[in-house]
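The following exchange concerns charged side chains and the grounds on which their pairings are classified.

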Amino acid sequence: MMAKAELPPRASTLAPGAGASFTVHGAGVSGGIAIGHAHLISSARLEVAHYEVAPEAVKDEIRRFKSAIAEVRGELAGLQASVSASAPAELGAFLNVHLMILDDAQISQLPLELIRARRCNAEWALMQQAEALVQQFEQFEDAYLRERKNDILQVVERVLKAMLGTGQAPAVPGHEKNVIVVAHDLSPADMILFKRHQFAGFVTDLGGVTSHSAIVARSLNIPAIVGMHHARNMVRENELLIVDGREGVLIVNPDSRVLAEYQQRQRLIERARKKLKRLRSTPAETSDGIPIELHANIELPQDVQAALEAGATGIGLFRSEFLFLNRDDLPSEDEQFDAYRQVVEAMDGLPVTIRTLDLGADKSINGADRGGPNPALGLRAIRFCLAEPQMFLAQLRAILRASAHGKVRILVPMLAHAYEIEQALAAIAQAKEQLDDMGADYDRGIEVGGMIEVPAAALSLRVFAKKLDFLSIGTNDLIQYTLAIDRTDDTVAHLYDTMHPAVLYLISQTIQAGHKVGRDVVVCGEMAGDLDATALLLGFGLRQFSMHPAQLLAVKQQVLRTSAAEARIIARRILRTDDPEKRRQLLARLNAQD
Ligand code: PEP
Ligand code: MG
């Protein structure tokens, strides 16, 4: 949940401020330049105001506290009643635990004493008791009990939310366009909430360039920088900021000369963006006439609009798990079906590849943190789905039903073992049987593909290619797992190297081996939208890319400039060389083709 954010009055013009000017470097996530005023999002998840209420206001404060507790009790009971039979058993258990915590005297009674005796505001009173309770839980030797402190915090967040009445997204006036959000960290769920607001840019202290938060930031098509380390502490509310999302540079309190220079750069970028739009209906083909499919990645049904505006010829990756974030229940089969059908119908006959749930790691259902000690290596994606067969079947039925309305393909994430493919295929067959029993319509020839994002899958590709209709390379995870770098951890972000020889070897081998047995191979990780990698991937033989819509036209321009035959020759040399400097030079030559 988003913590409360304070909003002092802000200056209405973008004039240089009086504070000292300084520059901070991070990892640029999304190109372009934003100029605007800082809006700090609280770093502590549960940071609340501390104040003493007037003696005559104590009664109202008590009423406020009691009504928030009652509201949350009602919410939790309502959720408990609505948990469907197909929901994972843990969800019902979580809700029980949360109700018990809410009814614990330390949460629902003792804060009242603090309000009465010390005239603490209700939020502060609750936090004091909650912190004491959390400390008790931290002392437990049993790991399971220690973990329950997160449940306490989640319940407390709910009560705070009810008291603050803030809703979930940060309170920023809807008309304010020049706001740059400065946060310590933002979860993918937080980022999704930001889709409802119009911000000029984002900077965060934590995060790597292919973390899901960064990916969603990119999908907002606004400049963003992650991995700034201490920006949240150095920047003050309302200070004038320049975010250079390409170079990963944040300039705080720029002087008038620097401001003018960036305003000029901003105009140039805008002009280039407008020019690119002319390529929207130009067919994507290399300069030597090879047609290339450029598909779009989306997180939510409404993203389809951007995909169509960018001239995408399909949806190559619908990250369906985003339908499951920011809510306390699971979307029903019908709700999922509606979302999938919406996308399929909007694409009007163009292919839509729906990825089955990739929950776990940095994306988890509210309250159901099942990440384990090492979430990226834990019960994630297909592993999670196979452990929750009812939830998986409900999703598969929803996808299959949507396939009656257009061209749908199913994509299964994070496969590592041949038997996982078999189990996933068996679940699809079972979902089909269930639909047959109900007389529901679906595409009987629906294609099923697998994501190649674990090195084990890339290295045993033959098995995967044999059992699946198509392959989609998830470079974000493939790089994470090949180089053993947590993609969300900014402290190792500098080691995340798209051009590492091992990574290039796995990608080129997957493309080649897949094509050899007649399978379509797509790259749908962030590398597909990386302009420095376009010609190289074409040189490896890639003919299908799926990327964020914001990148699509720039990639098309790159495709139009590239000769696939020439790229192939240079790409081979890049694969053969051991010398990093030579590799860099060859890549520069490849990208200089015009
Ligand atoms: C990937 O890993 O490259 C991918 C496309 O999936 P995600 O980024 O959602 O993990
Ligand atoms: Mg992935």
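**Salt bridges in a predicted model**

In this predicted model, arginine 409 and glutamate 447 form a salt bridge, with their closest N and O atoms 3.4 Å apart. The two partners come from distant parts of the chain: arginine 409 belongs to strand E12 (residues 408–412) and glutamate 447 to strand E13 (residues 447–452), 38 residues apart.

Q: Why is the pair of arginine 409 and glutamate 447 called a salt bridge?
A: The closest N and O atoms are 3.4 Å apart, and the definition asks for a side-chain nitrogen of Lys or Arg within 4 Å of a carboxyl oxygen of Asp or Glu. The pair therefore qualifies.

Q: Why is arginine 409 classed as it is, buried or exposed?
A: Its relative accessible area is 7%; buried means under 20%, so arginine 409 is buried.

Q: What makes glutamate 447 partly exposed?
A: Its relative accessibility is 27%, which lies between the limits of 20% and 50%; therefore glutamate 447 counts as partly exposed.

Q: How do you know that arginine 64 and glutamate 61 meet in a salt bridge?
A: Their N to O distance is 2.8 Å, and the cut-off is within 4 Å, so the criterion is met. Both residues lie in helix H1 (residues 58–82), three residues apart, about one turn of the helix.

Q: Why are arginine 64 and glutamate 61 placed in their accessibility classes?
A: Arginine 64, at 25%, is partly exposed, whereas glutamate 61, at 7%, is buried, because buried means under 20%.

Conventions
Residues are numbered from 1 along each chain as its sequence is written. Chains are lettered from A and ligands numbered from 1 in the order in which they are written. This is a predicted model: local features need pLDDT of at least 70, side-chain atom pairs count only at pLDDT 80 or more; totals for chains, interfaces and linings use all residues. Side-chain values use heavy atoms; hydrogens and water are left out. Helices (H or I, at least four residues) and strands (E, at least two) are DSSP runs, numbered from the N terminus. Buried means under 20% relative accessible area, exposed over 50%, partly exposed in between (1.4 Å probe, protein chains only).
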